[in-house]
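Please examine the following structure with attention to its surface, its buried positions and its charged pairs. The report below takes these topics in turn.

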Amino acid sequence: MSFQDIGRKAPGLASKTNGIVSSSTTSAITAQPNDRGATSSSSSSTSGRDSYAAASQLILQYQQNVGILSNIVEKLGSEEDGPLLQKQFKVQIDVIHQLGNKIETTLQQQQESLQSMSRTEASKNRATHIKLTRDYHWVETKFKNLQLEAKQIRSKIEAQRRAELQDRERREFVEGIDADNQRLQMQLQDDRVTEEIMREREEEVKKINQGMHQVNEIYKDLANIVSYQQDQVDEVEAHMEKANKNAESGLKQIEKARVKQDQACIIS
């Protein structure tokens with residue numbers, strides 16, 4: 001008999017128990033002390049069956065919630081995974097833990113109640129108790145395996161996320177290096193162009209300086225030539241003045257000679 005069977009038989013057990021309690025209560029007025037003991041034993045047995053039926057229902061609900069959790073775990077890491085699924089996962093975990101605590105408390109109480117039952121009834125209930133405990137532990141093991149599977153899936157997803165993040169950071173780093181290299185190459189190219197422009201300007205300045213030096217030399221040569229020619233001009237001018245003076249002196253001599261000639265002609 002499984003915990004589902006116990007749960008399904010619970011109403012029948014309750015009806016039968018009610019009948020027993022009623023007949024016992026009716027005969028309790030004239031009953032002997034031994035009858036009272038039988039009635040007490042029957043009530044204890046009925047209470048035990050109700051307790052096991054309740055435990056069976058809790059285990060059945062526990063198994064159903066573990067099944068829901070299994071469906072949620074199957075969706076972890078899929079396209080349906082998201083904040084809503086995570087919330088459902090946490091809610092199911094909490095519900096299952098609460099049901100587990102209730103089941104363990106109920107089974108513990110049943111274990112303690114076996115001490116107050118008759119040997120025959122305790123033997124029957126003990127077999128049911130062992131079966132329910134075994135079924136609960138089986139579902140509990142499945143629950144723990146699901147938790148472990150969910151943890152492994154989460155670890156795998158987190159590892160993939162870290163790997164993707166590291167890969168993206170590595171690509172960004174490589175792209176950054178490439179961009180830096182490109183900027184450096186452009187800067188070097190600009191520096192080469194600037195250096196070439198400066199070199200050309202320096203050559204032009206040198207050419208201009210050489211041209212100015214040549215012009216300066218030409219001016220110096222012209223100054224020397226002018227100075228030399230000025231001396232010659234001064235010498236020519238001095239000769240011209242001297243010749244002019246000589247001409248004037250000769251002219252005066254000719255005038256004197258002509259006057260003397262005229263005077264001689266008159267005397268003769």
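Tyr219 is exposed in this predicted model, with a relative accessible area of 57%, a value that places the residue in the exposed class because that class begins over 50%. The residue is found in helix α4, and together with Val215, Ile218, Leu222 and Ile225 it makes a nonpolar surface patch of about 490 Å². For the chain as a whole, the accessible surface comes to about 20,000 Å², and 54% of that surface belongs to carbon and sulfur atoms.

A patch of another kind, one of negative charge, is formed on the surface where Asp231, Asp234, Glu235, Glu237 and Glu241 gather. Of these residues, Glu241 is found in helix α4, which covers residues 119-267. The relative accessible area of Glu241 is 47%, so this residue counts as partly exposed.

**Overall architecture**

The chain contains four helices and zero strands, and when read along the sequence it follows the pattern α-α-α-α. Of its 268 residues, 20% count as buried. Among the contacts between residues at least 6 apart in sequence, 83% join residues at least 24 apart.

**Two buried positions**

Which residues does Ala150 contact, once its neighbours within four places in sequence are left aside? They are Val73, Leu76 and Phe89. Ala150 itself lies in helix α4, and with a relative accessible area of 3% it is buried, since the limit for that class is under 20%. A further relation across the sequence is given by Ala150 and Glu74, which are 76 residues apart in sequence, while their C-alpha atoms are 8.7 Å apart in space.

Thr106 offers a second buried position, with a relative accessible area of 14%, and its place is in helix α3, which spans residues 83-113. When residues up to four places away in sequence are not counted, Thr106 touches Ser51, Ala55 and Leu58.

**Salt bridges**

Side chains of opposite charge can pair when their charged atoms come close. A search of the whole structure finds eleven salt bridges, among them the pair formed by Arg154 and Asp81, whose closest N and O atoms are 3.0 Å apart. Arg154 lies in helix α4, whereas Asp81 lies in the loop between α2 (33-75) and α3, so this pair ties together parts that are 73 residues apart in sequence. Both partners are partly exposed, Arg154 with a relative accessible area of 28% and Asp81 with one of 21%.

Two other pairs have both partners within helix α4: Arg161 and Glu158 are three residues apart, about one turn of the helix, and Glu203 and Arg199 are four residues apart, again about one turn of the helix. Salt bridges that share partners also join Glu158, Arg161 and Arg162 into one network. The three pairs described here are listed below with the separation of their closest N and O atoms.

| Salt bridge | Closest N and O atoms |
|---|---|
| Arg154 and Asp81 | 3.0 Å |
| Arg161 and Glu158 | 2.5 Å |
| Glu203 and Arg199 | 2.6 Å |

Are the partners of the pair formed by Arg161 and Glu158 buried or exposed, or do they fall in between? Arg161 is partly exposed, with a relative accessible area of 44%, and Glu158 is likewise partly exposed, with a relative accessible area of 29%. In the other pair within helix α4, Glu203 counts as partly exposed at 36% relative accessibility, while Arg199, with a relative accessible area of 37%, is also partly exposed.

**Helix α4 in review**

Several of the residues described above share helix α4 as their setting, including the exposed Tyr219, the partly exposed Glu241 and the buried Ala150. Arg154 also lies in this helix, and its salt-bridge partner Asp81 lies in the loop between α2 and α3.

Terms used: Residues numbered from 1 in each chain as written. Predicted model: local features only at pLDDT ≥ 70, side-chain atom pairs only at ≥ 80, totals over all residues. Heavy atoms only, no water. Buried < 20%, exposed > 50% of the residue type's maximum accessible area, 1.4 Å probe, protein only. Contact = heavy atoms within 4.5 Å. Patch = residues over 30% accessible without salt bridge, like charges linked within 9 Å, V, L, I, M, F, W, Y side chains within 5 Å. Areas by Shrake-Rupley, 256 points an atom, 1.4 Å probe, with all protein chains shown as cover. Salt bridge = Lys/Arg side-chain N within 4 Å of Asp/Glu carboxyl O. Lys, Arg positive; Asp, Glu negative; His and termini not counted. Charge placed at Lys NZ, Arg CZ, Asp CG, Glu CD.
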